[in-house]
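Work through the exercises below with the sequence and coordinates open. Try each task before reading its solution.

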Amino acid sequence: MYFGVILVYFYGMKKILLISILFLSCICFAQQTDYVDFKSVEADVKIRYFDDKVSGFLKVEFDIIKDIDSIFVDAKDMRLRFESLWKEKKERVFPKFEYSEEQNKNFIVHDFKKGETFLLFFYYAANPKKALYFVQKNGEKQIWTQGQGKYTSNWLPSLDDTNDKIEFDLKITYHKDYEVVSNGKLVNKIEKDSTITWHYNMQNPMPSYLVALAIGKYDKITDTSKSGIPLEYYYYPEDSLKVEPTYRYSNQMFDFLEEEIGFPYPWQNYKQVPVHDFLYAGMENTSCTIFSDAYMVDEIGFNDKNYVNVNAHELAHQWFGNLVTATSGEHHWLQEGFATYYALLAERDIFGDDYYYFDLYENAVNLGRQDLAGDGTSLLNPKSSSLTFYQRGAWVLHALRSKVGDEVFKKAVKSYLEKHQYANVETSDFISEVERFYGRSLSSFVNLWIKAERFPVEEAITMLQNQSTRINEYLMVDCEANSSKCANYLKYYVSDEAKIKVISQRPELVTNDTFKHGLKVRQAISQYITNVPERLKEDYESLLDDPSYITIENALYNLWSSFPTDRAKYLSKTRNIIGFNDMNVKLLWIVLNLNTPFYQADNKQALFEELVSYTDEAYNADLRMNAFRYLNLMSACNEKCKSNLENAKTHHNWRMVKYAKGLSEKLKEKKD
Ligand SMILES: [Zn+2]
């Protein structure tokens with residue numbers, strides 16, 4: 001997942017309720033995985049178009065590893081009707097088994113014996129409140145899942161424990177006008193009346209949290225990797241112009257990661273599907289990554305906020321997380337740290353070494369700050385921050401590879417994946433592989449980089465200084481103190497990062513010549529020079545033509561406030577620019593227009609109503625938050641805005657809810 005909260009649950013088998021009825025011989029508090037191995041789930045799931053009700057029929061196969069008197073499946077707030085239980089696939093046990101439900105676990109009580117294989121058949125019906133989301137996108141239904149942290153067992157009976165890997169084959173029936181995307185390979189589509197049943201098949205097992213479903217109005221582009229894996233890129237029909245910038249480098253990154261990791265991509269195909277108001281940036285469901293449609297960007301948006309990093313991160317999880325899965329939260333970095341590191345390697349392949357080292361540098365600085373604030377934790381602490389799991393995890397791999405060398409590192413990773421494929425892993429499983437090829441103990445490395453609470457920031461920065469001349473130069477450039485060299489830095493060949501550092505420290509050194517540098521340096525000018533001096537006016541105005549929605553937004557505001565008599569000119573020039581998903585440029589334009597009384601090209605009342613209308617639930621959460629923010633700034637949140645704010649508190653997206661509640665409080669305080 002990119003950016004999320006991971007919950008880790010441990011439980012013993014809770015059968016206390018059953019004891020009094022059935023006189024069970026023991027109370028067992030071991031993991032169910034010690035007794036039962038769930039092999040496969042064949043699920044026939046129907047989702048009703050008109051009322052979003054979910055129902056289905058499941059065939060579950062499992063092996064008994066040790067004698068046990070009951071087994072369970074997780075099914076939250078569902079109604080289950082058990083149909084039959086078969087031993088060795090041929091002997092019907094029913095009705096000689098009992099079942100019961102306790103705390104969302106559905107127990108099958110039977111005298112299960114070691115070595116036996118069973119088939120269990122049952123119906124279920126659910127009204128999911130989590131994990132399966134029903135949203136509106138342009139007046140059309142869209143349905144999608146988020147299993148990690150929220151659990152698949154809210155819409156599909158399965159196992160919350162990530163340590164039992166199951167081969168899932170899903171049949172999904174839905175309205176025939178919609179596309180249905182799920183894990184694995186599409187075997188067939190069967191149309192009947194107003195519905196289509198989509199049959200997806202998987203060949204290998206995975207934990208239940210990776211089961212995925214995305215239903216909506218989609219087109220797709222198909223391609224094939226160098227190694228022959230089918231690739232599918234989904235998009236909304238109206239977004240055809242955004243497909244190329246959004247999915248740019250996808251094929252290159254796929255081929256790169258397969259080669260770099262050294263273990264062939266482990267699933268039948270790879271699909272990527274954007275969804276509306278997603279909870280996170282992306283989620284690595286096996287062979288079916290779901291990501292936020294805020295990453296569907298055009299040519300210009302690509303320069304500011306593209307999908308490349310999230311794309312690579314979720315792809316890397318197909319190995320690290322999906323093929324090998326951490327046994328518990330203690331080893332979560334084996335998923336997020338690896339995904340972050342391999343995404344960075346894929347980006348290095350595209351954007352070059354400087355990009356790679358500056359990313360590591362920035363993360364080292366942030367990790368150092370986290371320690372200073374007293375929030376640092378060991379990488380093995382399951383309560384660590386995302387910064388620790390993701391960025392420190394990636395740093396560990398960079399440091400380790402720097403220590404043991406490319407060859408040892410790559411051999412160890414490959415061997416680690418081969419040994420533990422389709423199984424679960426702990427930190428020692430990985431480290432012992434590296435030690436085996438390295439031929440020496442890594443215990444002091446592990447103590448310093450992994451176990452210690454404090455991130456070794458000095459060691460990290462020194463390492464970067466030895467590895468990158470650009471980082472050295474960046475550290476040398478310092479204009480906090482008045483140095484005569486600083487004006488020269490803006491002229492000569494120091495990196496863009498170093499120039500940006502100078503601009504942030506000494507914006508008054510910017511001259512007309514500074515505008516001749518690239519996009520990022522010009523963006524820094526728009527960010528750090530907010531009061532535009534007359535001498536820079538003409539060059540500053542050229543920022544309004546930059547292919548960056550961030551630069552345009554900054555420049556429009558700064559020019560508008562610095563040169564009041566030219567406001568009409570700036571508004572006319574930027575009238576048709578929209579910006580990102582949250583319409584950053586368009587909303588600013590409306591607000592500035594409303595605050596420019598002499599500019600009479602538009603009906604101000606209609607513009608104001610347009611701004612208020614963007615708070616409506618018909619729009620995406622980012623746009624709504626942006627509109628609420630401006631209306632609040634102008635103290636103009638009217639009745640309509642307030643009622644939309646109230647409504648936003650029940651949104652499925654936690655960021656929207658948090659924002660709406662916070663603003664609502666503020667408005668109340670203001671009123672008082
Ligand atoms: Zn992730």
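**Exercise 1. Place Ser250 and describe its surroundings.**

Solution. Start with the element: Ser250 lies in helix H3. Helices (H or I, at least four residues) and strands (E, at least two) are DSSP runs, numbered from the N terminus. The model is predicted, so local features need pLDDT of at least 70 and side-chain atom pairs count only at pLDDT 80 or more, while totals for chains, interfaces and linings use all residues. Residues are numbered from 1 along each chain as its sequence is written, and side-chain values use heavy atoms, with hydrogens and water left out.

Next, accessibility. Ser250 has a relative accessible area of 4%, so it is buried. The classes are buried (under 20% relative accessible area), exposed (over 50%) and partly exposed in between, with a 1.4 Å probe and protein chains only.

Then the contacts, meaning heavy atoms within 4.5 Å. Leaving aside residues up to four places away in sequence, Ser250 touches Tyr233, Gln272 and Asn311. With Asn311 there is a side-chain polar contact of 2.9 Å. A polar contact is a pair of N or O atoms within 3.5 Å; within protein, one must be able to donate a hydrogen and the other to accept it, and residues adjacent in sequence count only if both atoms are side-chain atoms.

Last, a distance across the chain. Ser250 and Val308 are 58 residues apart in sequence, yet their C-alpha atoms are 7.7 Å apart.

**Exercise 2. Check the length of H3 and decide how enclosed it is.**

Solution. Take the expected span as 1.5 Å times one less than the number of residues. H3 has twelve residues (250–261), which should span 16 Å. Its end C-alpha atoms are 16 Å apart, so the two values agree.

Now count burial. Nine of the twelve residues are buried, so H3 is largely enclosed by the rest of the structure. Among them are Met253, Phe254, Asp255 and Ile261.

Finish at the end of the helix. Gly262 follows H3 and has a positive phi, near 80°.

**Exercise 3. Classify two aromatic pairs and locate their partners.**

Solution. A pair of aromatic rings is described by the distance of the centres and the angle of the planes. Rings of Phe, Tyr and Trp (its six-membered ring) pair if their centres lie within 6.5 Å; planes under 30 degrees apart count as stacked, over 60 as edge-to-face and the rest as tilted. The count by this rule is 49 aromatic pairs.

Take Tyr49 and Tyr178. Their centres are 6.0 Å apart and their planes make 45°, a tilted pair. Tyr49 is in the loop between strands E1 (36–47) and E2 (54–64), and Tyr178 is in the loop between strands E11 (167–175) and E12 (179–182), so the pair ties together parts 129 residues apart in sequence. Tyr49 is partly exposed at 35% relative accessible area, whereas Tyr178 is buried at 3%.

Now Phe254 and Tyr270. The centres are 6.2 Å apart and the planes are at 40°, so this pair is tilted. Phe254 belongs to helix H3 and Tyr270 to strand E18 (residues 270–275), 16 residues apart. Both Phe254 and Tyr270 are buried.

**Exercise 4. Find two charges that sit over rings.**

Solution. Apply the rule: NZ of Lys or CZ of Arg within 6 Å of the ring centre and within 35 degrees of the ring normal. Lys537 lies over the face of Phe563, 4.9 Å from the ring centre. Arg567 has its charged end over the ring of Trp560, 3.6 Å from the centre.

**Exercise 5. Compare the settings of two salt bridges.**

Solution. A salt bridge is a side-chain nitrogen of Lys or Arg within 4 Å of a carboxyl oxygen of Asp or Glu. The structure holds 39.

Begin with Arg470 and Glu473, which meet at 3.5 Å, N to O. They are three residues apart in helix H13 (residues 469–476), so about one helical turn separates them. Arg470 is partly exposed at 28%; Glu473 counts as buried at 16%.

Move to Asp546 and Arg522, whose closest N and O atoms are 2.9 Å apart. This bridge links distant parts of the chain: Asp546 in the loop between helices H17 (537–541) and H18 (549–562), and Arg522 in helix H16 (residues 519–528), 24 residues apart. Asp546 is buried at 8%, and Arg522 is buried at 11%.
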